[in-house]
2 protein chains.
Amino acid sequence: MTEQNLTKNQDLVLNQLGKSKTPMSAYDLLDSLRDKGLKAPLQIYRALDKLTEMGLAHRLESLNAFVACAHPNCHENELIAFGICEKCNKVWEFSDDEVSNRLDLWAKERDFTPVKTSLEIRGICAKCA
Amino acid sequence: MTEQNLTKNQDLVLNQLGKSKTPMSAYDLLDSLRDKGLKAPLQIYRALDKLTEMGLAHRLESLNAFVACAHPNCHENELIAFGICEKCNKVWEFSDDEVSNRLDLWAKERDFTPVKTSLEIRGICAKCA
DNA sequence: TCCTAAATGTAATAACATAACATTGTTGCG
DNA sequence: CGCAACAATGTTATGTTATTACATTTAGGA
């Protein structure tokens, strides 16, 4: 079970992320959750830290923003890639074993121990083209 | 020839990046270049924009920092990947056709038009292990 | 219960990035 | 040459993202 007990703030943040069709920054989240009593960035960042640690949310490095995991039961350790439409801001989450393998190989050849990989394809989606 | 004529600020920034063994943030660069007359963040950011556009420098999204291109004559359009040691901060720049192909395939299948892809493996290098 | 670890609340500040606008430099063309 | 057009620069102010520090509260186990 991935749905371990979330704390109040974590639950608020994850829910808000889940409702959004596009990535939200920490400050977007803060604005949406003010009426739920959240007042400071740190409350958001702390929740996001835990959620990303648990694999329930992901950080998009190239946007400084966050999304709820599209596959809440996904294996935490595999490489997750994102396609991001720069027009409509929608995000596609995917993974590709071939890609994972090639990157693992690169790492093995150099005795490099991967901790966290980010792979983000920014572009224009079919609908927006 | 990739070494088109750089402007004064671009040249200063690229040189400074080239000297550094590790990525530098825009503000790191600003601090290093104050004695050369640079005073404002925007001067740095503008130079970096052009340099990355030309492929002479790269932005590391997961660090909000920049490096000089390791292969100044590299083809601009191919996918560039980075290994980043979280201990010593060294960066390895590489590319992998297999990975590129898989990502191209993903995009083609969805009529997604890639604009810029970032691929960053953060971890611990052999020396730091 | 009592202790500990985790989570929370709050204020202040640090780090990263851009907007707006005035000025200067460069290029090419009539 | 002289002017137009555009690129680059300089400067101030401001916007956005993220963390430090420290006090307080909560939840769960011995």
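Student: How many residue pairs are in polar contact between chain A and chain B?

Tutor: The count is 12 residue pairs, both residues at pLDDT 80 or more. That threshold applies because this is a predicted model. Four elements of chain A each supply at least two residues of the side that touches chain B: β3 (81-85), β4 (91-94), α4 (97-109) and β5 (113-124). The largest share comes from β5(A), with 12 residues. By class, that side of chain A has 15 nonpolar, seven polar and 10 charged residues.

Student: How do you know that chain A and chain B are in contact?

Tutor: Contact means heavy atoms within 4.5 Å. By that test, 32 residues of chain A are in contact with 32 residues of chain B. The two chains bury about 2800 Å² between them. Carbon and sulfur atoms account for 64% of this area. Three residues, A:W106, A:F112 and A:I121, supply 21% of what chain A buries against chain B. No other three residues supply more.

Student: Why is the pair of B:D96 and A:R102 called a salt bridge?

Tutor: The rule asks for a side-chain nitrogen of Lys or Arg within 4 Å of a carboxyl oxygen of Asp or Glu. The closest N and O atoms of B:D96 and A:R102 are 2.7 Å apart. That is within 4 Å, so the pair of B:D96 and A:R102 qualifies. Across the interface of chain A and chain B the rule finds two salt bridges. Over all chains the count comes to 10.

Student: What makes A:R122 and A:E86 a salt bridge?

Tutor: Set the distance against the cut-off again. The closest N and O atoms of A:R122 and A:E86 are 3.0 Å apart, and the cut-off is 4 Å. The pair therefore counts as a salt bridge. A:R122 lies in strand β5 of chain A, and A:E86 lies in the loop between β3 and β4 of chain A, so the pair ties together parts that are 36 residues apart in sequence.

Student: How do you know that β5(A) pairs with β5 of chain B?

Tutor: Pairing needs at least two bridges between the strands. Here 11 bridges join β5(A) to strand β5 (residues 113-124) of chain B. The requirement is met, so the two strands pair. They run antiparallel. One bridge partner to look for is B:G123 in β5(B), which goes with A:P114.

Student: Which strands form a hairpin in chain A?

Tutor: β3(A) and β4(A) form it, with five residues between them. The two strands pair in the antiparallel sense over four bridges. At least two bridges are needed, so β3(A) and β4(A) count as paired. A:A81 stands opposite A:F94 in β4(A). In the turn, A:N89 has a positive phi of about 70°.

Student: What makes a residue near DNA strand C?

Tutor: One of its heavy atoms must lie within 4 Å of the strand. Around DNA strand C there are 15 residues, and A:Q43, A:R46, B:Y27, B:L42 and B:R59 come nearest. Of the atoms of DNA strand C within 4 Å of the protein, 47% belong to sugar or phosphate and the rest to bases. α3(A) gives the most to this surface, with four residues. By class, the surface near DNA strand C has five nonpolar, five polar and five charged residues.

Student: Why is the approach of B:R59 to DNA strand C called a polar contact?

Tutor: A polar contact is a pair of N or O atoms within 3.5 Å. A polar side-chain atom of B:R59 lies 2.3 Å from a phosphate oxygen of DNA strand C. This is within 3.5 Å, so the contact qualifies. A:Q43 passes too, because its polar side-chain atom lies 2.4 Å from a phosphate oxygen of DNA strand C. For A:N9 the distance to a phosphate oxygen of DNA strand C is 3.1 Å.

Student: Which residues are closest to DNA strand D?

Tutor: A:Y27, A:L42, A:R59, B:Q43 and B:R46 are the closest of the 15 residues that surround DNA strand D. A polar side-chain atom of A:Y27 lies 2.6 Å from a base nitrogen of this strand. A:Y45 has a side-chain N or O atom 2.9 Å from a phosphate oxygen of DNA strand D. α3(B) gives the most to the surface near DNA strand D, with four residues.

Key
Residues numbered from 1 in each chain as written. Chains lettered and ligands numbered in written order. Heavy atoms only, no water. Buried area = accessible area lost by both parts, 1.4 Å probe. Polar contact = N/O pair within 3.5 Å; in protein donor to acceptor, adjacent residues only side chain to side chain. Nonpolar A, V, L, I, M, F, W, Y, C, P; charged D, E, K, R; others polar.
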